[in-house]
Amino acid sequence: MLVGAGVSGIQAALDLANSGFKVYLVDKAPAIGGKMAQLDKTFPTNDCSMCILSPKFIECARNPNISIITLAQIDSVDGEAGNFKVTLLKEPRYVDEEKCTACPTCIGYCPVNILDAYNENLTSTKCIHIHFAQAVPAVPVIDTTQCLFLLRKECQICVPTCKNKAIDFHQQEEKLEIEVGSIILAPGYETFKPQLQSEYGYQRLSNVITSLEFERILSASGPYSGELLRPSDRKPPKRIAWIQCVGSRDTTVGNTYCSGVCCMYAIKQVILSKEHDAELEAVIFHNDIRAYGKGFERYYERAKNTPGVRFIWSKVSILRELPETKNVVIRYRVNSTAVSEEEFDLVVLSVGLTSPASNKQLADRLSIETNSYGFCKSSSFSPIKTSRPGIYACGVFHAPMDIPDSVTMASGAASLSSQLLSEQRGTLIEEKEYPPERDVTGEPPMVGVFVCHCGTNIASVVDVARVVQYAQRLDGVVHAEENTFSCSIDSITHIVETIKEKGLNRVVVAACTPRTHEPVFQDALREAGLNPYLFEMANIREQCSWVHMRDRQVATQKAQDLVRMAVAKVKLLNPLYQLPYDITPAGLVIGGGIAGMVSALALAEQGFEVHLLEKAKELGGIARRIHYTVEGGDVQAYLQELIKKIYENPLIQVYTEANVIEFAGYVGNFTTKIAVGPERIVKEIAHGATIVATGADEFKPTEYLYGKDPRVLTLLELEAEIVSGNGRLAHCNNLVIIQCVGSRESERPYCSRVCCSQAIKNALKLKEINPEMEIYILYRDMRTYGLMEDYYQEAAEREVKFIRYEVDDKPDVKVIQENGQSILRVTVTEPTLGQRLMIDTDILALGVATVPPADNTGLSQLLKVPLNEDGFFLEAHMKLRPVDFSNDGIFMCGLTHAPKFIDECIAQAKAAASRAVTILAKEEMQAGGTVCVVDKRKCTGCRVCQEVCPFNAIEVDAKEMVAVVNEVLCKGCGVCASSCRSGALDIGGVSDEQTLTLVQAL
Ligand SMILES: Cc1cc2nc3c(=O)[nH]c(=O)nc-3n(C[C@H](O)[C@H](O)[C@H](O)COP(=O)(O)OP(=O)(O)OC[C@H]3O[C@@H](n4cnc5c(N)ncnc54)[C@H](O)[C@@H]3O)c2cc1C
């Protein structure tokens, strides 16, 4: 059972349902989606949040193994891991979910306007309302605190307006009893309430708003339909200030932790605001920019280099509102003596993430321990487990984190559940049943066209009604209509019904991108009894309304062109079919560090055979050099226990001194040749899924006298000396640590994420050994994100001195001979004093970059999977598929993906295992559809296609001299078809004839 259906709850539910389990997805809100459903776009890719979420909503809603229960909370849990009895309390919605068809009639009649919580109260909605346009379930809910009937038995006007008699004021709170084997808690967060800090003037000054309100303002479905306006006069702001750390890192409100996401979402909001108005001035007032995740530093640099954007490292105070303009005056410190005042049209408070009191109550009801902030308590080595066996936690309930980390942790929680219940896998599941496919051969084309508004994303630019009228006149079109959101659950149901009612045999949806939404609509066709390939999408958002947003005429004309082309093509489409094939239920894990071992063990504990490959003589990877975590966990004890478990598990075959020499096959059936041991014995392994966990290395610098003076060490070398009790540390009075050595520079423009906390961890350890030691940490931004902030505070309290330096004014390190002594001298500019400071140090430690291993390049070529520009492996999609490669059946975890901590590697390793199990647990998979088809009569066996195919999917049969396509490997990319000189190759659904017809239509 999943408690909380935000992005993490949804991900865990889908992973479990796809690996053979029945899932209850429970949320106390009227619809699933959590906070992510309120966000406009997400950093650092600027993907539209709803575009990511809505296909997942539909997948949950239409999966027979997921039961969505909204407006419900846990009342009690009895029993134990594997066998829990849960009582849920379900609030009345006063609308029957079975009878309601989501027609908006009742809403139209409701006389009561209330503030719209989804839009952060910036606009109003009706007392009976659907939570938001794409809500699942798409059923209205009545606000019990405002309904005239519920308050004083007046009104009930909605009741007779409903044809289906769905409005039911007799509904009562219900008790539901369900039996589950495991529970995953994903109840998420609340944003900090800035009214608790009156100095910000929130709710007193009309142009001081929260960052979540700003997300709604930016959103096309928001209060101002996506126009960037300020609340006081609905005019576009020209100067916006962001104030960071509101309600975070603040002892006065008790939230001393860092909320982990605010720096990045503020940067995102700056970038998006500048897209609205390139002339706009944007200032972020911050206390260190914590751009620590993959791709974040580049995103930060992009914002910094945008004209009109300033980052100011300073505390600020809000002085006053100017009565005539309602502008806000901010005062901030420029240096130790000077302050400055500036006027802004709009001020955004970057509010932190807090664990609401209801999370604490939930934890208490379930006898789960929480920490002092109300987040779920866990250990570095079992980050997803709660204090009660069989109950797991993920997402922000665990600690403040962004969407990729939430999604990863959710998959990790699914893996642990799946491990616990592996014997029951498949026992309760239902297969989705589709009606028999209608044979449309010989039928004249009966095309249905559905044109989407995408809220205002399309409709604010394109005249959708005109496009529909135009489509109605096209040859072969028998039905055309517009939908507010074609991908909402009620629209999908309506599309299915319309196909059946009108006897449609081809469908065009003119909406957004097929990349995220094509499978959703194809499934609707299949549900209506049509072959899913009799479908075409016209992208009138990315390719039309977004690029022609200033010219309605042109955009409408182009939308008509795109629809005409899609209709011309869809009429020529033929049914395509996929064929089932068996899979090999075994995994290959490449890399035997902590991440590789954890994922191998997770697979084996779910009953799958695993081959674990390690290039070194021993398992353990870089963790062999790490001794303690910042929280005090004993890494070596954990590592030894993990290695023992690996060797004791009969399903795991370990190969050390081994590496991949050949890799072939496809998802479900890979064949890998490896060379093992000093003798390089070659073995062949058959496996259905592959996990890459090849880790990373410590950067060896040439700066700061490293390698030239024995007193200069890396942080890992310092840690080794601390643990070995090296004598020179005992006599060390002064120690300097320089951060960002090799990171965040032109050669390596990424943050290595762990170094700030690593420095603090070692500083605290040294202070334990010798409280008198003078320790200086020279840093650019202290990135002790999340709960690690407390250790930063502790270090400051123990008088570790922190000095901020700029990248263009780096510390200088020299050896000076004085009085016959060799002195190691560090000079740095002290920013508040603006003066050079000289520190003579006994030891200089360097917080060096984490770098990908040199052999990643060879492995990426063998596996045909990409690396990013920094040499780390590149995931399929940062938000949607953070541990998947774009090549099916291959996953990644640990440092090979990007620098991260041990607990994060463990969570990601479990996530990779969970994703692999969605393949290994299947008896068969399907291949085919949009793949290459060979016309044997025309093929001359020239082998050009074989040579150009990037997926090795084509081989020429030497006997018959014709090309043969492996449908599982073929991705339908078309490189072969466009290279074929005899015109023998075509791609199903994109044949020459179909493509040329489309072009001719234009
Ligand atoms: C202004 C702002 C902008 C952001 N922008 C980005 C961004 O661009 N990129 C990014 O990666 N991250 C961003 N984030 C962070 C992002 O919102 C979170 O990482 C993510 O939404 C966390 O998802 P979750 O599922 O853990 O929690 P939530 O989204 O909070 O979901 C929790 C769900 O649990 C339900 N629930 C709570 N208690 C119970 C209970 N007792 N019983 C049943 N159900 C319950 C809630 O109703 C909710 O549906 C932003 C955050 C803010 C505040």
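Is Lys-326 buried, partly exposed or exposed, and what is its relative accessible area? The model open in your viewer is a predicted one, and this residue is a convenient place to begin. Select Lys-326 and you will find that it is partly exposed, with a relative accessible area of 33%. Lys-326 sits in the loop that runs between β19 (316–321) and β20 (328–333), and its phi is positive, at about 65°, although it is not a glycine.

**Backbone stops**

Move next to Tyr-94, which also has a positive phi, near 65°, in a residue other than glycine. Tyr-94 belongs to the loop between β7 (83–90) and α3 (105–109), and at 10% relative accessibility it counts as buried. As background, most residues other than glycine have a negative phi, and most peptide bonds are trans.

With that in mind, select Phe-43 together with Pro-44, which are joined by a cis peptide bond whose omega is about -10°; Pro-44 is placed in the loop between β3 (41–42) and β4 (47–48). Then go to Val-136 and Pro-137, where the peptide bond is again cis, with omega near 0°, and where Pro-137 is found in the loop between β10 (128–129) and β11 (141–142).

**Aromatic rings**

Keep Phe-43 in mind, since it belongs to one aromatic cluster with Tyr-292, Phe-296, Tyr-785 and Phe-901. Over the whole structure, a search finds 22 aromatic pairs. One of them to select is Phe-149 with Phe-169, whose ring centres are 4.7 Å apart and whose planes meet at 55°, so the pair is tilted. Phe-149 lies in helix α4 (residues 148–152), while Phe-169 lies in the loop between α5 (158–161) and β12 (174–180), so the pair ties together parts that are 20 residues apart in sequence. Phe-149 counts as buried at 14% relative accessibility, and Phe-169 counts as buried at 13%.

Now select Tyr-785 and Phe-901, which form a tilted aromatic pair with 6.1 Å from centre to centre and 55° between the planes. This pair links distant parts of the chain, 116 residues apart: Tyr-785 is in the loop between β40 (774–779) and α21 (789–797), and Phe-901 is in the loop between β47 (890–892) and α23 (902–920). Tyr-785 is buried, with a relative accessible area of 6%, and Phe-901 counts as buried at 17% relative accessibility.

Two further rings are worth showing with a charged partner. The charged end of Lys-35 sits over the ring of Tyr-189, 5.2 Å from the ring centre, and the charged end of Lys-765 sits over the ring of Tyr-628, 4.5 Å from its centre.

**Helix α7 and the nonpolar cores**

Select residues 262–276, which make up helix α7; at 1.5 Å a residue, its 15 residues should span 21 Å, and its end C-alpha atoms are 21 Å apart, which agrees. The helix is mostly covered, with 13 of its 15 residues buried.

Which residues have the most contacts inside the largest nonpolar core? That core has 163 residues, and the answer is Ile-267, Val-347 and Val-449. Around Ile-267, leaving aside residues up to four places away in sequence, show Ile-284, Ile-289, Tyr-299, Tyr-300, Ala-303 and Phe-311, which it touches. A second, separate core has 73 residues, including Leu-601, Ala-689, Phe-699 and Cys-893.

**Trp-313**

Trp-313 is in strand β18 (residues 309–313), and at 33% relative accessibility it counts as partly exposed. Beyond residues up to four places away in sequence, Trp-313 touches His-286, Asn-287, Asp-288, Tyr-779 and Arg-804. For a view across the model, add Tyr-533, which is 220 residues from Trp-313 in sequence and 55 Å from it in space, C-alpha to C-alpha.

**Cysteines**

How many disulfides does the structure hold? It holds zero. Select Cys-544, whose sulfur is 13 Å from the closest cysteine sulfur, in Cys-454, too far for a bond; Cys-544 counts as buried, at 0% relative accessibility. Finish with Cys-751, whose sulfur is 6.3 Å from the closest cysteine sulfur, in Cys-755, which is again too far for a bond, given that a disulfide requires sulfur atoms within 2.5 Å. Cys-751 counts as buried, at 9% relative accessibility.

Conventions. Residues numbered from 1 in each chain as written. Predicted model: local features only at pLDDT ≥ 70, side-chain atom pairs only at ≥ 80, totals over all residues. Heavy atoms only, no water. Phe/Tyr/Trp six-rings, centres within 6.5 Å; stacked < 30°, edge-to-face > 60°. Helix = DSSP H or I, 4+ residues; strand = E, 2+ residues; numbered from the N terminus. Buried < 20%, exposed > 50% of the residue type's maximum accessible area, 1.4 Å probe, protein only. Lys NZ or Arg CZ within 6 Å of the ring centre and 35° of its normal. Expected span 1.5 Å × (residues − 1). Core = buried A, V, L, I, M, F, W, Y, C linked by side-chain atoms within 4.5 Å. Contact = heavy atoms within 4.5 Å.
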